[in-house]
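Me: Please take a close look at one part for me: the enclosed spaces and whatever surrounds them. Keep the sentences short and explain each term once.

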Amino acid sequence: MRFAIFGDIHGNLEALEAVLAECSANNVDQYLCLGDIVGYGANPNECVERIREIGALAVSGNHDHAVIGAQNLNYFNAHARDAVIWTAKHLSQESKQWLKGLSLVEHLPDFNIVHGSLHSPELFYYVQTIKDADYNFRQMDRPLLFLGHSHYPLAFFDTAPMTYTLDPVIPLDLSVKTVVNAGSVGQPRDEDPRSCFVIYDDDSSLVELMRVEYDIESAARKILEVGLPQTLALRLTLGK
């Protein structure tokens, strides 16, 4: 089976549509969403609706949590907090109700998905270092974990010593626990402004990091038009 695994859409409809078109061209069987469907971007309702339309199995991210009142706003920096407040005002009740139904972790036969960290998922820790990954390795009851939150794609391996890779194609050895960050659809931060997601083929045990061009100018313009912080538009063009 081929899984499209993506997250950190952040209300960026242009990016999401580009990713879904690429998924369709790559014969994806199932969609998995790693959370933060909303926040930062100008189309939160439309992004929620598209995730629902494709039947994606989704987990809740910290921005999803915040717009339904389940996350303290002091957690966020000023621009993120402004975006959360704006998004909460503009989300439909139907969208909020659906977000309320999302779990923090979902379990599939051979892997788990979470937004931030399998270690205390409700605290939305970042997994950016080998030490961070080690906390997750200790919690894993399956050989593979997919997550997001940092907007930075990479993979960690529970080897001795622990290792990581930034390679776009990752052959898996399922005897070794592996944590894969799928990057970000709607707000990449690794200095590549293209949308980022992964395709996982469990028949070949292969993870492929995918990058997709999208209409950044349109997404940025809409952010400015609705009155969200200018920084949120600028960082789309910079990819950081």
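Reply: The count comes to two cavities of 30 Å³ or more. A cavity is a set of points on a 1 Å grid, over the protein atoms alone, where a 1.4 Å probe fits but cannot get out. The model is predicted: local features need pLDDT of at least 70, side-chain atom pairs need 80 or more, and totals for chains, interfaces and linings use all residues. Residues are numbered from 1 along each chain as its sequence is written, and side-chain values use heavy atoms, without hydrogens or water.

Start with the largest cavity. About 60 Å³ of space lies in it (a volume is the space filled by probe spheres set on the points, which are joined across faces, edges and corners). Its lining has 13 residues, and a lining residue has an atom within 4 Å of a point. Nearest the centre of the largest cavity are Pro153, Leu154, Asp167, Ile170 and Leu209. By class, the lining has nine nonpolar, two polar and two charged residues. Here Ala, Val, Leu, Ile, Met, Phe, Trp, Tyr, Cys and Pro count as nonpolar, Asp, Glu, Lys and Arg as charged, and the others, Gly among them, as polar.

Which strand gives the largest share of the lining of the largest cavity? Strand 12 does, with three residues. Strand 10 and strand 12 (206-212) each supply at least two. Strands (E, at least two residues) and helices (H or I, at least four) are DSSP runs, numbered from the N terminus.

Look along strand 12 next. Five of its seven residues are buried, so the rest of the structure largely encloses strand 12. Buried means under 20% relative accessible area, exposed over 50%, and partly exposed in between (1.4 Å probe, protein chains only).

Strand 12 belongs to an open sheet of six strands, in the order 3-2-1-11-12-9 with mixed pairing. Strand 3 and strand 9 (169-171) are the edges; each has a single partner strand, so one side of each lacks a neighbour in the sheet. Two strands pair if DSSP finds at least two bridges between them. Strand 9 meets strand 12 in the antiparallel sense over three bridges, and Val169 has Glu208 as its bridge partner there. Strand 11 (residues 195-201) also pairs antiparallel with strand 12, over seven bridges. One of the residue pairs sets Val198 opposite Leu209, and Leu209 is among the residues nearest the centre of the largest cavity. The hairpin of strand 11 and strand 12 has four residues between the strands, and Ser205 in this hairpin takes a positive phi near 50 degrees.

At the other edge, strand 2 (residues 30-33) runs parallel to strand 3, joined by two bridges. Cys33 has Ala58 of strand 3 as its bridge partner. Past strand 3 (57-58), in the loop before helix 3, sits Ser60. Ser60 is buried, with a relative accessible area of 1%.

Now strand 10, the other strand named for the largest cavity. Strand 10 sits in an open sheet of six strands, ordered 4-5-6-10-7-8, with mixed pairing. The edge strands are strand 4 (105-107) and strand 8 (163-165), each pairing on one side only. Strand 4 and strand 5 (residues 111-114) run antiparallel and share three bridges. Within strand 5, Ile113 is the bridge partner of Glu106.

The second largest cavity has a volume of about 40 Å³. Its lining is His10, Asn12, Tyr40, Gly41, Gly186, Gln187, Ile223, Leu232 and Leu236. These divide into four nonpolar, five polar and no charged residues.

Tyr40 leads on to an open space. The largest pocket has a volume of about 200 Å³. Tyr40, Asn77, Ala80, Tyr126 and Arg189 are the closest to its centre, out of 17 lining residues. A pocket is an open set of points with protein on both sides within 12 Å along at least five of seven lines. Helix 3 (62-67), helix 4 (78-90) and helix 8 (230-238) each give at least two residues to the lining of the largest pocket. That lining splits into six nonpolar, seven polar and four charged residues.
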